Amino acid sequence: MTQAWSMQARRPRRRRFVAGVALATLLIVGVVAGAVSLAPGAGPASAGAAGLGATPTPATAAVPASPAGSAGDGIPSIAPSNAVAVAPPPAPPVDPATAAALQKALEAARKAMVIPGIEATVILADGRTWTGVAGDAVAATHAKVTPQTPFPIASVTKTFTAALILRLAEEGRLTIDDPLARWLPDYPNAVHITLRMLLTHTSGLADFFQNPKLDTALNRAKGRVWTPAEVLPFVAKPAFAPGKGWGYSNTNYVLLGLVAERAGGAPWADQVREDFFVPLGLASTYVQGVGTPNVPPAHSNQMFIGYGGKILPRDLSDGSSIAPFTAVATAAYSAGSIASTTEDLARWARALYSGDVLAPASLAEMLTFDPDITRYAALAYGLGVSRVKIDGRFVAVGHTGALAGTRASIRWLPAQRVSVAVAFNRDLFTGDDATRFLIAALYPRAKPAASPGVSTPSPAASALP
């Protein structure tokens, strides 16, 4: 275990959630009714509310169904339902030279990508931690980003949902190879779709966020709260048969949230809070529309070119404490509604991928990357986790998030045992674009030799563990 607050004791059974059955029943009625009226093959959504995802979806390609896997046997503890997450003691800081190099890199990323406000945290292998901020949380008022400023993390939410499904499998409440029909029997084609397919985006289900009709509806009433029962009728015709391709779809993770509610006997938001936020001390992490932020979240921005060619931010806030705005955040549900600080996110990445959250067999299952997905989808994707190469040198696992003028990323470098989390409030770029600046600062490439046979050491490199 790498953290003092790791979960160790056997967890009690959850409270029974009778209302979940009624919600799921209403959901299925809405889906079946809505599916009839949708035009097949909906095009991409506009820049206003869409964009919740880990990466632009490549063209789908044939992928055989993933083999069945076994669930883990460890059962971590759970805090009482009324417990409040308490942050662990402050971690020791990195040395001044490393802190200066990372802050310089953060400022460079902000300038290069024209970001209104950015926040980042790095945790080194020995636990030393750096958190840096730059710019405005609210561009209009120039309220500054602080280390306590939460950002909507969009699809990084999927890492919590995937971990919850695997936790429920550890408890014997479900298996990831269950057909969706076991939990949502009336959902279209549910008998042919497995939970594994939902986790790996191989179900073929279209992404409801890619339906322009939903995008219009979300922007028309930005302050409206949406439920899964209202969102899922916007799912268009499947892109391919279950298990026969790969296509990133938020629909998969909304359905997984509903499965978790039935299997776990409690609302999805309650379960991720009690299973992960509280025991790990993620005191600044919450489900938007359910939890309350400790401080106001950063406002999200859509950038546009103003007079004289200057790039300017357009604030997307609806005036509430939900970011980017209420409609899109609540529509994202278990696919993307969580908000957090990068300090919490870096601790989450370290705990999850180093083995402090799931049993070893479950973590191995999560980090199994189907080679066919890697080949055809141009990325490696496991169970709610992607694998990338940063700076051409470092293998990293984690997830990125993109949602209406906000971006986030968590990355764990297993060889270096370093975690990095980034969040910022603009569109177009990805969280990994900023992460690369920080990794390059941590591990600078060797400079050209001053003369033949003589090398020049990097000052920053000497500060690293």
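**Strand pairing, cores and salt bridges in the predicted model**

Strands β6 and β7 form a hairpin with 5 residues between them. G308 in the turn has a positive phi of about 75 degrees. Helices (H or I, at least four residues) and strands (E, at least two) are DSSP runs, numbered from the N terminus. Two strands count as paired if DSSP finds at least two bridges between them. The structure is a predicted model, in which local features need pLDDT of at least 70 and side-chain atom pairs count only at pLDDT 80 or more, while totals for chains, interfaces and linings use all residues. Residues are numbered from 1 along each chain as its sequence is written, and side-chain values use heavy atoms, with hydrogens and water left out.

The hairpin strands are β6 (residues 301-305) and β7 (residues 311-315). Their pairing is antiparallel and runs over 5 bridges. M303 has P313 in β7 as its bridge partner. I305 belongs to β6. I305 is exposed, with a relative accessible area of 64%. Exposed means over 50% relative accessible area, buried under 20%, and partly exposed in between (1.4 Å probe, protein chains only). Together with V114 and I311, I305 forms a nonpolar surface patch of about 250 Å² accessible area. Such patches consist of residues with over 30% relative accessible area and no salt bridge; nonpolar side chains (Val, Leu, Ile, Met, Phe, Trp, Tyr) are joined within 5 Å, and like charges within 9 Å. Accessible areas come from the Shrake-Rupley method with a 1.4 Å probe; for residues, only the protein chains shown count as cover.

In total, the protein has 13 helices and 13 strands. An open, antiparallel sheet of 8 strands has the order β3-β2-β1-β13-β12-β11-β10-β9. Its edge strands, β3 (143-144) and β9 (380-381), each pair on one side only. At one edge, β2 (residues 129-138) pairs with β3 in the antiparallel sense over 2 bridges. Here V138 stands opposite A143 in β3. Another open sheet has 3 strands in the order β4-β8-β5, again with antiparallel pairing. β4 (151-152) and β5 (286-287) are its edge strands, each paired on one side only. Two bridges were not exceeded in the count for one pair: β4 and β8 (residues 338-340) pair over 2 bridges. P152 stands opposite A339 in β8.

Of the 465 residues, 58% count as buried. The accessible surface comes to about 18,000 Å², and 61% of it belongs to carbon and sulfur atoms. Contact means heavy atoms within 4.5 Å. Among contacts with a separation of 6 or more, 72% involve residues 24 or more positions apart.

A nonpolar core is a set of buried Ala, Val, Leu, Ile, Met, Phe, Trp, Tyr and Cys residues joined through side-chain atoms within 4.5 Å. The largest has 96 residues. L180, W348 and M366 have the most contacts inside it. Beyond residues up to four places away in sequence, M366 touches A162, A163, L166, L352, Y353, L358, G382, L383 and V385. A second, separate core of 27 residues includes I118, L124, I390 and V418.

Helix α8 (residues 268-277) is mostly covered, with 9 of its 10 residues buried. Among the buried residues are W268, F276 and F277. The buried residues of α8 pack against α3 (157-170), α7 (250-264), β5, β8 and α10 (342-354). A263 lies in α7. A263 counts as buried at 9% relative accessibility. Leaving aside neighbours within four places in sequence, A263 is in contact with L168, R173, L174 and W183. A263 and W183 are 80 residues apart along the chain, yet their C-alpha atoms are separated by 7.7 Å.

The whole structure contains 18 salt bridges. A salt bridge is a side-chain nitrogen of Lys or Arg within 4 Å of a carboxyl oxygen of Asp or Glu. R173 pairs with E171, with the closest N and O atoms 2.5 Å apart. R173 is buried at 19% relative accessible area. R196 and D177 meet in a salt bridge at 2.8 Å, N to O. This pair links distant parts of the chain: R196 is in helix α4 (residues 195-200), D177 in the loop between α3 and α4, 19 residues apart. R196 is buried at 6%, whereas D177 is partly exposed at 26%. In α8, buried E274 forms a salt bridge with R273, the closest N and O atoms being 3.6 Å apart. R273 is partly exposed, with a relative accessible area of 24%. Salt bridges that share partners also join D95, D126 and R128 into one network.
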